[in-house]
Amino acid sequence: MASIVNTQLSDGTFFGLGHPMLDVSTHVSNEFLQRLKEIFTNGNYHLNYNAGGSTQNTLRTINWLLDRPNITVCMGCIGNDESGKILEEQMENCLYQKTSDSPTATCLILITEQARSMITDLGAANRFTIDYLNKSENWLYVERAKLFYIPGYFVRTCPEAVFKLARHAANTKKIFALNLSAEYICQKFGDILMQLLPFIDFLFGNEQEVKCFAQYQMKNNTNDDILPIARELQKLLIKNTKTCVIVTHGADPIILASNHGVKVFAVKRLSKIVDTIGCGDAFVGGFLAYWSLDGSIDECINAACYCAYECLSQTECQFTNKPLFNQTERFCELEDSC
Ligand SMILES: Nc1ncnc2c1ncn2[C@@H]1O[C@H](COP(=O)(O)OP(=O)(O)OP(=O)(O)O)[C@@H](O)[C@H]1O
Ligand SMILES: [Mg+2]
């Protein structure tokens, strides 16, 4: 298999705005979960520190698949602390706003053989302000970018910045991609997402999120079939004739709704899943990376599935090996088209 090499794309093509977060993870026993406080008191655990958060996971996937560290730019807010320094060391091309009022966002991940528990403190990531985006030296990066990606999580933090990028993308015929991210975002901030729909080219979400959004914003029932919901949702993406809704459902089939109708893709199964953290973020990264190579939407879905597959084969959304991908290897199969 060949890796993807493309020299046509310029640095900073992809621009992500979100919550820069430091993942702090450690392996623990089941009993430990009963005695959670111990980790903070005796400190006998080896902690791993990795740049995390949905946006950074997706951007890192793009960097990895395209083998181009400078092709992405990441914007968000961090604290003036050690965690922030680690993020700056680990992430390429990060435009971090800094605040002394809150610590850098962290996600404590406790991993047992069977499961993982995660506790997130958004801290400084929630303090992002639009004036940072508006600074002329930062706006230059926006003008240079060709694709913007924002997870739904971020719309609660600074909706003005999200709309500013969405409008910029619409006015300059660039791509704006959004992820619904979580059911509580669809429920509590669904009205903001609804207002964003006319600016969106690619809308990602898992089945539960899409159903939740449809329940609160489109007056569907939660037990309605997902296919017509995806089709109806895509009709609300009126930016142009190429918009898509992409619905994932773990190991279950992916649904792609576009102007051409609805396609259903079966996902390649893994013999062993190491970790599910960030597989949705990796999926988006693979899709967007392949789109930038002028891949067809079906090819983008296959690349997305490859990245999710690789992510599921290792711990967190960290890619340690070089990508080995070509389109002849199928990580999903077209099952149905209507
Ligand atoms: N158990 C699995 N087996 C095979 N592939 C999987 C599995 N779980 C996830 N995937 C792959 O990852 C993609 C995204 O998964 P999923 O629908 O769970 O995303 P998500 O719920 O948004 O995840 P996240 O919590 O990371 O946001 C799937 O479409 C599939 O390609
Ligand atoms: Mg997700």
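**Figure 1. Strands β1 and β8 side by side in a predicted model.** Strand β1 (residues 14–17) and strand β8 (residues 147–151) run parallel and are joined by three bridges. To find one of these links for yourself, start at Gly16: its bridge partner in β8 is Tyr149. Please keep in mind, here and in every view below, that this is a predicted model.

**Figure 2. The ten-stranded sheet.** Let us step back to the sheet that holds this pair. Ten strands make up an open sheet, and reading across it you meet β5-β4-β1-β8-β9-β10-β11-β12-β13-β14, with mixed pairing. Which strands stand at the edges? They are β5 (94–99) and β14 (332–337); each has a single partner strand, so one side of each is left without a neighbour in the sheet. From one strand to the next, the twist averages 20 degrees.

**Figure 3. The four-stranded sheet.** The model also has an open sheet of four strands, with the order β3-β2-β6-β7 and mixed pairing. Here β3 (48–52) and β7 (116–121) are the edge strands, and because each has a single partner strand, one side of each has no neighbour in the sheet. The twist in this sheet averages 20 degrees from one strand to the next. Now look at β2 (residues 21–27) and β6 (residues 105–111), which pair in the parallel sense over seven bridges. A good place to begin tracing them is Met21, whose bridge partner in β6 is Ala105.

**Figure 4. Helix α11 with strands and with helix α10.** Helix α11 lies across β11, β12 (252–258) and β13 (261–267), and runs at about 30 degrees to β12. Another element packs with α11 (residues 226–235): helix α10 (residues 207–217), at an angle of about 65 degrees and with the two axes 10 Å apart. Angles of 65 to 115 degrees count as roughly perpendicular, and α10 and α11 are therefore described as roughly perpendicular to each other. Their crossing is left-handed. On the α10 side, the contact is made by Glu207, Val210, Lys211 and Ala214, while α11 brings Ile226, Ile229, Ala230 and Leu233. Sorted by class, the residues of this contact are six nonpolar, no polar and two charged.

**Figure 5. Helices α12 and α13 packed together.** These two helices pack at an angle of about 145 degrees, with their axes 7 Å apart. The crossing in which α12 passes α13 is right-handed. Many side chains to explore here: among the α12 residues in the contact are Phe283, Phe287, Tyr290 and Trp291, and among those of α13 are Ile301, Tyr306 and Leu312. Glycines take part as well, since Gly285 and Gly286 of α12 are included in the contact. How many nonpolar residues does the contact of α12 with α13 have? There are 16, together with two polar and one charged.

**Figure 6. The surroundings of ligand 1.** Finally, find ligand 1, which is surrounded by 19 residues. The closest of them are Asn206, Thr248, Ala251, Gly280 and Ala308. Which elements each supply at least two residues of this shell? They are β11 (244–249), α12 (279–292) and α13 (297–312). The most comes from α12, which gives four residues to the shell. By class, the shell around ligand 1 divides into ten nonpolar, seven polar and two charged residues. Several players return from the earlier views: β11 belongs to the ten-stranded sheet, and Ala308 also takes part in the contact between α12 and α13.

Key: Residues are numbered from 1 along each chain as its sequence is written. Chains are lettered from A and ligands numbered from 1 in the order in which they are written. This is a predicted model: local features need pLDDT of at least 70, side-chain atom pairs count only at pLDDT 80 or more; totals for chains, interfaces and linings use all residues. Two strands pair if DSSP finds at least two bridges between them. Axes are lines fitted to C-alpha atoms, for helices over the stretch in contact, and angles run from 0 to 180 degrees between N-to-C directions. Angles under 35 degrees count as roughly parallel, over 145 as roughly antiparallel, 65 to 115 as roughly perpendicular and the rest as oblique. A crossing is left-handed if the near helix is turned anticlockwise from the far one by less than a right angle, and right-handed if clockwise. Two residues are in contact if their C-beta atoms, placed from the backbone, lie within 7 Å. Ala, Val, Leu, Ile, Met, Phe, Trp, Tyr, Cys and Pro count as nonpolar, Asp, Glu, Lys and Arg as charged, and the others, Gly among them, as polar. A residue is near a molecule or strand if its C-beta atom, placed from the backbone, lies within 6 Å of it.
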